[in-house]
Amino acid sequence: MEDTAKQDDYLRSKIQNMVQSAENLYYPRFSAFLDERQQLLAEQTLFRLSCSNYLFYGGAENCDRLMLGVFPSGMEPDPALFPIVSLAAHSSKESFTHRDCLGTLIGLGLKRASVGDIWIKETAAVFFVTEEISEFVRSQLFRIGRVPVSIALPTVEELVRNVSYEERSGTVASLRLDCVTAFIIGKSRTHACALINAGLVAVNRIPVLQTAKQVAPGDQIVIRGFGKCYLGKQIRTTKKDRLSITIQKLV
């Protein structure tokens, strides 16, 4: 937790410097790729600094990991200015996983913050990296795991991410986080509590350690290893005084 606090303080300081530098030099400033919790922290910091001329962008629509761009007053935020390069790795016939791709990129010595989203599309993977490392990746990436790949710029079709959700309904005793988490993962509340206590569950992009925290309709719940879910907005009480809920899981 102490390391996380230090990282958060560093991010706040970095954003403050970005805002000041963008105004003083009249030039947009960009962060590394940020996860969803960092994006929320960045938004809170920007609000505190009364900065409204900014944009989050990940290289294409529907990206999860986004780069923050802070623009000087009078300059319209423009996605085309972001130092992001999209690349596609193609295999002749074998497929690979998100973990395979990320592990390979990190194995090249890249920092996680320099890599954005990774989209798996059958025998291809589309990923986004910072501009400064793009040529290095193109010259060094020959395999993902054990699968030989060729690197090229993505096609227009490959840069489209279709977001879909799998819906599941059932009942829970209450809207406590441990109850809802247990329902999502299909295991006991004891197992759910262990995940929460380990800091593996986040509500609306903020890690939560309190198993008794009440969640609300529409809340985003992310469980590491199980994915991102949303609690449906329609909740009703059954005849047995349980709550009927719907979970939408990103697939």
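Me: In this predicted model, what makes two aromatic rings count as a pair, and how many aromatic pairs does a search of the whole structure find?
Reply: Rings of Phe, Tyr and Trp, the last taken by its six-membered ring, pair if their centres lie within 6.5 Å. With that cut-off applied to the predicted model, a search of the whole structure gives a count of aromatic pairs that stands at seven.

Me: Is the pair of Tyr-57 and Phe-82 stacked or edge-to-face?
Reply: The ring centres of Tyr-57 and Phe-82 are 5.5 Å apart, and their planes stand at 65°. Planes over 60 degrees apart count as edge-to-face, whereas those under 30 degrees apart count as stacked. The angle of 65° therefore makes the pair of Tyr-57 and Phe-82 edge-to-face.

Me: How many residues apart in sequence are the parts that the pair of Tyr-57 and Phe-82 ties together?
Reply: Tyr-57 belongs to strand β2, residues 54-57, while Phe-82 is found in the loop between β3 (66-70) and β4. Ring pairs also link these two with Phe-30 and Phe-71 into a cluster. The parts tied together by Tyr-57 and Phe-82 are, in sequence, apart by 25 residues.

Me: Is Phe-82 buried or exposed, and which element gives the most to the largest nonpolar core?
Reply: Phe-82 has a relative accessibility of 5%, so this residue counts as buried. In the largest nonpolar core, which holds 27 residues, Phe-82 is among those that touch the most other members, together with Ile-15, Leu-46, Leu-68, Val-70, Ile-84 and Phe-128. At least two residues of this core come from each of α1 (2-25), β1 (29-34), α2 (36-48), β2, β3, β4 and β6. With five residues, the element that gives the most to this core is α1.

Me: Which strands stand at the edges of the open sheet of β5, β6, β4 and β9?
Reply: The four strands of this open sheet follow the order β5-β6-β4-β9 and pair in antiparallel fashion. Three bridges join β4, residues 84-90, to β9, and Ala-88 stands opposite Ala-152 in β9. An edge strand has a single partner, so one side is left without a neighbour in the sheet, and this holds for β5 (115-121) and β9 (150-152).

Me: Which strands does helix α4 touch, and about what angle does its direction make with that of β6?
Reply: Helix α3, residues 98-107, lies across β5 and β6 (124-130), running at about 140° to β5. Helix α4, residues 131-140, also packs on the sheet, where it touches β4, β6 and β9, and its direction makes with that of β6 an angle of about 140°.

Me: How many residues of helix α5 are buried, and which residue follows this helix?
Reply: Helix α5, residues 177-185, is mostly covered, with nine of its nine residues buried. Its buried residues pack against β10 (165-172), α6 (189-197), β11 (201-203), β13 (220-223), β14 (227-231) and β16. One of these buried residues is Phe-183, and the charged end of Arg-168 sits over the Phe-183 ring at 4.3 Å from its centre. The residue that follows α5, with a positive phi near 70°, is Gly-186.

Me: Is Ser-244 buried or exposed?
Reply: Ser-244 is placed in strand β16, residues 243-250. Leaving aside residues up to four places away in sequence, Ser-244 touches Gly-170, Thr-171, Gln-234, Ile-235, Arg-236 and Thr-238. Its relative accessibility is 17%, so Ser-244 counts as buried.

Key. Residues are numbered from 1 along each chain as its sequence is written. This is a predicted model: local features need pLDDT of at least 70, side-chain atom pairs count only at pLDDT 80 or more; totals for chains, interfaces and linings use all residues. Side-chain values use heavy atoms; hydrogens and water are left out. Two strands pair if DSSP finds at least two bridges between them. Contact means heavy atoms within 4.5 Å. Axes are lines fitted to C-alpha atoms, for helices over the stretch in contact, and angles run from 0 to 180 degrees between N-to-C directions. Buried means under 20% relative accessible area, exposed over 50%, partly exposed in between (1.4 Å probe, protein chains only). A charge sits over a ring if NZ of Lys or CZ of Arg is within 6 Å of the ring centre and within 35 degrees of the ring normal. A nonpolar core is a set of buried Ala, Val, Leu, Ile, Met, Phe, Trp, Tyr and Cys residues joined through side-chain atoms within 4.5 Å.
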